[in-house]
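Visitor: I would like to take a close look at one part of this protein, and I would be glad of an answer that goes slowly and connects each step with the next.

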Amino acid sequence: MGLASYLRINPQDGSIEVGHINYSPLLQKTREGTEAMYLMMKWAFESGYRRYEWKCNALNTKSRYAAQRLDLSYEGVFRQMSISKGRNRNTAWFAAIDKEWPALKASFETYLSDDNFAADGRPKKALSGLTNPLLYKRDTFEFGSE
């Protein structure tokens with residue numbers, strides 16, 4: 001149903017990246033998909049990493065919105081970071097850091113709790129409503145602006 005990996009694992013500097021995320025429509029925008037991302041982030045911070053990163057093609061609006069929903073703060077775009085399929089690829093960067101983890105963890109646990117879900121499976125509180133106040137910086141991307 002889905003795949004996600006740790007990339008650019010750098011224990012010396014305490015940073016780790018989540019990437020190669022490929023969720024089928026059955027897992028996209030679900031409690032289970034969110035929990036998988038939470039568990040990966042939880043493992044990273046509880047293993048001593050100080051920085052948890054998410055990078056994506058700057059044109060990938062779905063990935064950019066997902067990163068912010070998961071409370072990864074926008075850190076900017078690295079222009080012409082690579083060449084993909086013969087074109088320049090700009091890469092949008094997002095991250096959470098260890099000092100943000102306690103509040104972020106509490107938001108995830110509130111969202112993922114059984115009490116937060118109605119009988120039809122819909123959340124009573126949206127994750128983005130819990131995490132948006134925690135963002136260090138927001139992504140104001142509008143498709144076509146970069």
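Visitor: Which residues does S63 touch, leaving aside those up to four places away in sequence? Please begin there, and then take me on to helix α1 and the residues in it.

Guide: Leaving aside residues up to four places away in sequence, S63 touches W54 and C56. Please keep in mind, as we go on, that this is a predicted model. S63 has its place in helix α2, which covers residues 61-69, and with a relative accessible area of 13% it is buried, because a residue counts as buried when this value is under 20%.

Before turning to helix α1, it helps to see the frame around it. The chain has 4 helices and 5 strands, and when they are read along the sequence they follow the pattern β-β-α-β-α-β-β-α-α. A compact globule of 146 residues would have a radius of gyration near 15 Å, and the chain, with 15 Å, agrees with that. Along the principal axes, the C-alpha atoms fill a box of roughly 50 × 35 × 30 Å, and 38% of the 146 residues count as buried. If we take the contacts in the chain with a separation of 6 or more, 58% of them are between residues 24 or more positions apart.

Now to helix α1 itself, where residues 31-46 are found. T34 lies in this helix, and it is buried, with a relative accessible area of 3%. Not counting residues up to four places away in sequence, T34 touches R69, L70, F108, Y111, L112 and L127, and R69 in this list also belongs to the residues 61-69 of helix α2.

Further along helix α1 we come to Y38, which is best understood through its partner, W101. The structure holds 9 aromatic pairs, and in one of them the rings of Y38 and W101 have their centres 6.1 Å apart and their planes at 20 degrees, so the pair is stacked, since planes under 30 degrees apart count that way. Y38 lies in helix α1 and W101 in helix α3, which covers residues 101-112, so this pair ties together parts that are 63 residues apart in sequence. Both Y38 and W101 are buried. In another pair, the rings of W43 and Y49 also have their centres 6.1 Å apart, but their planes stand at 35 degrees, so this pair is tilted. Here the two partners fall into separate classes of exposure: W43, at 44% relative accessibility, counts as partly exposed, while Y49, with a relative accessible area of 11%, is buried. Y38 and W101 also belong to one aromatic cluster, which they form with F45, Y52 and F108, and F108 is a residue we have already met among the contacts of T34.

The last residue of helix α1 is E46, which at 49% relative accessibility counts as partly exposed, because exposed would require a value over 50%. Not counting residues up to four places away in sequence, E46 touches W101 and K105, so that W101, the stacked partner of Y38, appears once more. By contrast, E46 and F94, which are 48 residues apart in sequence, lie 19 Å apart in space from C-alpha to C-alpha.

Conventions:
Residues numbered from 1 in each chain as written. Predicted model: local features only at pLDDT ≥ 70, side-chain atom pairs only at ≥ 80, totals over all residues. Heavy atoms only, no water. Helix = DSSP H or I, 4+ residues; strand = E, 2+ residues; numbered from the N terminus. Buried < 20%, exposed > 50% of the residue type's maximum accessible area, 1.4 Å probe, protein only. Contact = heavy atoms within 4.5 Å. Rg over C-alpha atoms; globule rule 2.2 N^0.38 Å. Phe/Tyr/Trp six-rings, centres within 6.5 Å; stacked < 30°, edge-to-face > 60°.
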